[in-house]
Amino acid sequence: MVSLLILCSSIFSSYAANADNDDIIKIEADSISDKSSKFPYKQLIIPATLMAYGAVETTLAPNKKLLNYAIGHEVITHQPEKFQIDDITQYVPAASVYALNLAGIKGKNNFKDRTIILGLSALFTAASVNSIKYTAKVERPDKSANNSFPSGHTAVAFMGAEFLWQEYKDVSIWYGIAGYTIAAGTGIFRIYNNKHWVGDVAFGAGLGILSTKVAYWIYPYIEQKISKNNRDKKNMSLLPFYNGQQGGLSFSIQI
């Protein structure tokens with residue numbers, strides 16, 4: 001369990017170490033205010049590494065005694081008392097963004113923008129997790145179901161942690177550290193409660209981070225499209241008419 005704690009707790013420190021200094025002092029390409037088309041490939045390193053590691057652990061688990069076996073065997077053998085706190089902590093990082101705003105600590109985006117971004121992140125996370133779960137059909141450690149890989153709780157927790165990081169990294173990096181610590185704890189408890197393997201948690205963590213990043217990358221284009229449509233609607237009108245004998249629709253456009 002010590003080795004697992006080191007693995008999970010290193011996720012944020014590793015992520016921060018690979019981030020550019022600009023991540024801390026200014027809004028980068030994933031910010032809504034930056035319309036640059038340059039794709040931030042460096043930001044894929046951490047989620048891709050986590051997902052690759054989780055996939056390798058899961059793929060090799062039947063024949064190789066890696067962390068999946070070592071940690072899982074310890075939990076199964078000793079059967080520690082379960083703590084279902086992970087059912088709650090998975091939502092804490094994302095909820096913290098709204099709690100901080102209510103406390104008067106403003107983040108990067110307004111309520112509408114951040115809520116749409118969170119909605120997109122949740123959509124990507126749910127679609128990806130469930131698609132993989134019911135395709136891979138990996139048995140849970142407690143043998144309760146064949147939908148262990150990846151961990152949905154962990155994906156949601158890290159999705160929220162990245163959301164918290166993106167919204168408050170320009171205010172203080174400690175908000176992001178706190179969010180990632182809670183997310184890592186959620187992953188640890190999923191294993192401790194014998195619900196997931198290490199590979200499930202690692203892949204879920206990477207998937208959650210990636211889902212939020214994708215949401216931040218694409219939202220500026222969605223927002224531009226919405227704004228354009230709203231402007232177009234102001235210059236166009238479609239009205240019904242009836243003159244006593246004939247009816248129809250009249251269309252006008254202001255040039």
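In this predicted model, helix 7 has a series of buried residues: Asp113, Arg114, Ile117, Leu118, Leu120, Ser121, Thr125, Val129 and Lys133. The pattern of such positions can be read with one general rule in mind. An α-helix has 3.6 residues a turn, so residues three or four places apart point the same way.

The length of this helix can also be examined. Helix 7 covers residues 111–136, which is 26 residues. At 1.5 Å a residue, the expected span is 38 Å, and the C-alpha atoms at the two ends lie 37 Å apart, so the two values agree.

Both ends of helix 7 have features of their own. At the N-terminal end, Asn110 acts as a cap, with a side-chain oxygen 3.2 Å from the backbone nitrogen of Lys112. Just after the helix, Lys137 adopts a positive phi of about 55°.

A further buried residue is found in helix 8, which comprises residues 152–168 and contains Glu162. Glu162 has a relative accessible area of 0% and therefore counts as buried, since the limit for this class is under 20%. The side chain of Glu162 is joined to that of Tyr180 by a polar contact of 2.6 Å.

The surface offers another view of the model. Val56, Leu60 and Leu66 form a nonpolar patch there, and together they have about 210 Å² of accessible area. Leu66 belongs to the loop between helix 3 (45–60) and helix 4 (67–78). Why is Leu66 classed as partly exposed? Its relative accessibility is 32%, and the class of partly exposed residues lies between the limits of 20% and 50%.

Conventions. Residues numbered from 1 in each chain as written. Predicted model: local features only at pLDDT ≥ 70, side-chain atom pairs only at ≥ 80, totals over all residues. Heavy atoms only, no water. Helix = DSSP H or I, 4+ residues; strand = E, 2+ residues; numbered from the N terminus. Buried < 20%, exposed > 50% of the residue type's maximum accessible area, 1.4 Å probe, protein only. Polar contact = N/O pair within 3.5 Å; in protein donor to acceptor, adjacent residues only side chain to side chain. Patch = residues over 30% accessible without salt bridge, like charges linked within 9 Å, V, L, I, M, F, W, Y side chains within 5 Å. Areas by Shrake-Rupley, 256 points an atom, 1.4 Å probe, with all protein chains shown as cover. Salt bridge = Lys/Arg side-chain N within 4 Å of Asp/Glu carboxyl O. Expected span 1.5 Å × (residues − 1).
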